[in-house]
Amino acid sequence: MFDGEGNFNRHLSSLGVHEPSLLAFAHHDGIPNDEESMLRLIVATSRFPFHAEDGVLLNVECFGPSYKCDDDDVNDGETGNIGTSQNNGDAAYNHNNHRRSFHNSDQWPLLLYVHGICESTETWGVQTLAQYCAKHCWRLVVLELAGHGLSGDIGIGSSRVSGGVGSVSSMGRATCPDFDELVNHVVEFTIRMGRHFSRAKGMVLCGGSLGGALVAYAVKDILAARHEQSRANSNTDAQLTQQPQLECPDFYGITLLAPALGIDPGAIPPSPVVVALRYLSYIFPSQGILTPIEHPTYACPPSSTRNFSGRWPLSTSNMLLDITSRRVPNDVESSNVQTQMEGLQSLCVITGDRDEIVPLTSVMKWFEAVTNLSSDDGEKIMIVLKGAGHGFFHERTKWGLKSENTKKLFVDNLFDWLNGLASKDFE
């Protein structure tokens, strides 16, 4: 169920957030005011907070024209519209910017995005995607992970969380000890948004850094859920009783941006340190002890407080180390990757050759292990950006310049691939 504005606003107050709209079309502090680098920030036009099956309250924000729900759509409850500026919403999106034609903006395909650790909706990466989605007639929908942004925290000793049902102690911000719990949230997010935006022509699931790993591991369950729904829709009994069929957009595929699918062996601590980290993460899950320090220089606007700052929580560090140093390499070696990707139509991986966090060789090994795309028309491509590091999608850009910077190469390649998938529905 999407939660009504009242319930969600009470949750925002518990986080110290009192304004429903944190972004606006304006020149914010820290953004140059010269003509070449002027930036009109695109504001999220609606929110779709929901409680996941484990009780975590998750925030979802949509960038795009207003969507006109009718009886054929699955609307789990109230949606929270945000932003009232006359420059907001439909006015920010030009339907004539792309070669594809739509009867209305409800048909725009969906780009569902999952961010990385310590991040939120308010980053340069999300703003980049919002800008280019507007240009190319895609609707951007962003999930804020548990413990991040405006989403609730994971609770201690209970599936119920801060902002959810019941009262339990919160683990704290950016505290995510269980990778599979986050994967399940991505699955629920994808299915819910597909049902809500049922008239969209199609959708692509995208993830950056940790979000990329989550997307990769969510594919199997997403495809299984869609298959089950398709089978339910074709059930003879359901047709005879005239039960409503739950339609979803075509699932075009996934795209991974600098995905956390490996780690430099030299960055793995000695075995005794790893054991100590694991032990301490159980005792002090939300404490930052000798863990990496996060400086959210990627925040957009720069004054945003949605992104986590400081030392990573121990349990989050332990989870990431386990995934990148053990689980992913083991799945590549054991051919589990093929099982995880079975039924996927298309795959696009974009990464940099100077990624200081995830080695290019690790991502390439994972990519090469995907050998079983389901469609002859599907694409499996890997784009390596020369000179790009791990955070290339958060690079600031002077909008409007024609220089071939890393960000422009990234978005041009990404939207060439996305539009190629979407154009098949209009041939």
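A pocket is defined here, on a 1 Å grid over the protein atoms alone, as an open set of points where a 1.4 Å probe fits, with protein on both sides within 12 Å along at least five of seven lines; lining residues have an atom within 4 Å of a point. The model is predicted, with local features requiring pLDDT of at least 70 and side-chain atom pairs pLDDT 80 or more, whereas totals for chains, interfaces and linings use all residues. Residues are numbered from 1 along each chain as its sequence is written, and side-chain values use heavy atoms, without hydrogens and water.

The largest pocket is lined by 36 residues, of which Pro292, Trp312, Ser317, Leu320 and Ile357 lie nearest its centre. Two or more lining residues come from each of helix H6 (271–283), strand S9 (293–294) and helix H7 (314–333), where helices (H or I, at least four residues) and strands (E, at least two) are DSSP runs numbered from the N terminus.

Of the 427 residues of the protein chain, 54% count as buried, that is, under 20% relative accessible area (1.4 Å probe, protein chains only). The largest nonpolar core (buried Ala, Val, Leu, Ile, Met, Phe, Trp, Tyr and Cys residues joined through side-chain atoms within 4.5 Å) has 66 residues, and Phe189, Leu205, Ile254 and Trp366 have the most contacts inside it. Helix H4 (residues 210–233) gives the most to this core, with 10 residues. A second, separate core of 34 residues includes Ala388, Phe410, Val411 and Leu418. Contacts (heavy atoms within 4.5 Å) between residues 24 or more positions apart make up 79% of those in the protein chain with a separation of 6 or more.

Definitions and conventions: Buried < 20%, exposed > 50% of the residue type's maximum accessible area, 1.4 Å probe, protein only.
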